[in-house]
Amino acid sequence: MINARSIKIMPKTVSIPEMQVARATPPELQALSRYALAIALVSMALFLSLVLQVPFGNPFWLFFPVAVIASTWLGGRGPGWVAVGFSTLAVLYYFIPPVRSFLVKPRDVPFFLTFIACEVIANWLISWRRETEDSLRRARDELEVRVGERTTELKNANDALLSQMAEQKRTEEALQVTRTELARVVRITTIGELAASIAHEVNQPLAAVVANADACVAWLALERPNLVEARAAAERATQGATRASEVIGRIRSLINKTAPERAPVQINEIIGEVVALADRQAAGNQVSVVIELTPDLPVVVGDRIQLQQVILNLMMNGIEAMTGVSDRPRRLLIRSEMQDADQVRVSIQDGGIGVDKEVMTRLFEPFFTTRSQGIGMGLPISRSIIEAHGGRLWAESTVNRGSVFQFTLPSGDGPTA
């Protein structure tokens with residue numbers, strides 16, 4: 001035991017033990033405290049045993065196993081062994097005859113060894129259980145840490161995935177808006193090239209309206225008005241006005257921002273409408289348009305305006321390809337037929353200059369064009385429209401012999417044309 005009174009504090013000097021205590025780390029202090037606790041518990045057990053021995057006449061050795069168990073549980077295996085050693089010495093000195101001596105009589109050896117064995121077994125069992133619980137606790141804490149880390153990683157990955165999906169969705173929406181706007185620009189550009197055809201298309205029905213109206217007035221101005229002829233002329237005027245309205249409506253629908261509307265349509269009717277719209281442009285370039293349409297084709301499900309745009313783009317490309325041809329007739333052939341049992345094929349063949357293989361590989365790339373006034377979006381947009389309808393668009397060409405653009409569309413249910 002260290003007597004506090006024997007320690008002298010010397011001014012301006014520091015002893016070696018004090019330097020060691022100053023350098024002691026917290027884990028070392030904790031270890032010393034555990035061993036000190038073991039000694040204190042054994043001392044308390046000895047005190048209680050000595051005090052209770054006088055009135056009861058028997059040693060209360062039960063306190064020593066309790067001290068060993070408490071020391072092992074609170075301090076660990078090392079302090080437990082210290083408690084076992086101090087308890088053994090205390091019992092041998094104070095309670096095994098001859099008292100106040102470390103000698104053991106032969107008849108007390110079995111009892112003393114049994115006491116030591118109980119102390120050792122208690123220390124081993126308690127230390128094993130404590131180490132097991134500490135190991136389980138460490139494993140649980142480590143598992144919780146790993147689960148927390150994994151949960152954080154999964155949460156971060158999920159957040160990143162959601163952010164990526166949202167960004168991809170925004171990109172797709174922006175791409176769709178850009179594609180729609182580009183398609184509209186191409187339509188407006190094409191319609192600008194067809195201004196003469198538009199005027200011609202509108203002028204014909206309006207002239208018919210005026211002629212029929214004049215005829216109606218003339219029939220009514222007779223001394224004996226011919227009501228039958230006047231009525232027929234009025235009906236023809238009405239039909240002409242209706243046709244002019246349809247032409248204007250068709251042109252407006254090609255220019256305006258109209259949402260795609262899928263419905264059963266007859267491809268031959270669409271080809272006829274586009275040919276009528278581009279007839280003036282073809283005539284101005286001395287191109288004869290020949291149509292070979294297979295009757296009784298099944299309907300296809302699609303957007304009428306978008307399909308008109310595709311055929312119109314391919315026709316204008318064919319007409320443009322023949323502007324420099326002078327050694328053969330300028331002939332644009334449009335053909336419709338069945339390719340398979342459920343596929344309708346449309347082909348547009350020109351007699352132009354054709355394209356070589358290098359240009360053919362880039363023909364459907366955005367912004368690639370061989371026309372001086374082109375923007376290079378007609379063919380890419382046409383292919384995207386056909387593919388969105390479940391079909392396929394491709395081209396074949398021979399240099400100086402012309403090109404043929406073909407597309408297929410799946411047939412739908414409905415009446416045949």
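Which residues are linked with Arg304 in a network of salt bridges? Keep that in mind as you start the tour, and remember that this model is predicted.

**Stop 1: the network.** Select Glu269, Glu273 and Arg304, and you have the answer: a network of salt bridges links these residues. Zoom in on Arg304 and Glu273, whose side chains meet in a salt bridge at 2.9 Å, N to O. This pair joins distant parts of the chain, with Arg304 in helix α9 and Glu273 in helix α8 (residues 267-284), 31 residues apart. Arg304 counts as partly exposed, because its relative accessibility is 26%.

**Stop 2: helix α9.** Now select residues 304-321, which make up α9. Its end C-alpha atoms are 26 Å apart, which agrees with the span expected for 18 residues at 1.5 Å a residue. Try showing the surface here: 14 of the 18 residues are buried. Then add Asp303, which caps the N-terminal end of α9. One of its side-chain oxygens lies 2.8 Å from the backbone nitrogen of Gln306.

**Stop 3: helix α5.** Next, select residues 109-193 and look for Arg137 and Asp134. They form a salt bridge, with their closest N and O atoms 2.7 Å apart. The two are separated by about one helical turn because they sit 3 residues apart in α5. Arg137 is partly exposed at 38% relative accessible area, whereas Asp134 is buried at 18%.

Stay in α5 and find Asp159 and Lys155, which are 4 residues apart, about one turn of the helix. Their salt bridge has its closest N and O atoms 3.2 Å apart.

**Last stop: helix α4.** Select residues 77-94. Among the buried residues here are Pro79, Gly80 and Leu92.

Definitions and conventions:
Residues numbered from 1 in each chain as written. Predicted model: local features only at pLDDT ≥ 70, side-chain atom pairs only at ≥ 80, totals over all residues. Heavy atoms only, no water. Expected span 1.5 Å × (residues − 1). Buried < 20%, exposed > 50% of the residue type's maximum accessible area, 1.4 Å probe, protein only. Polar contact = N/O pair within 3.5 Å; in protein donor to acceptor, adjacent residues only side chain to side chain. Salt bridge = Lys/Arg side-chain N within 4 Å of Asp/Glu carboxyl O.
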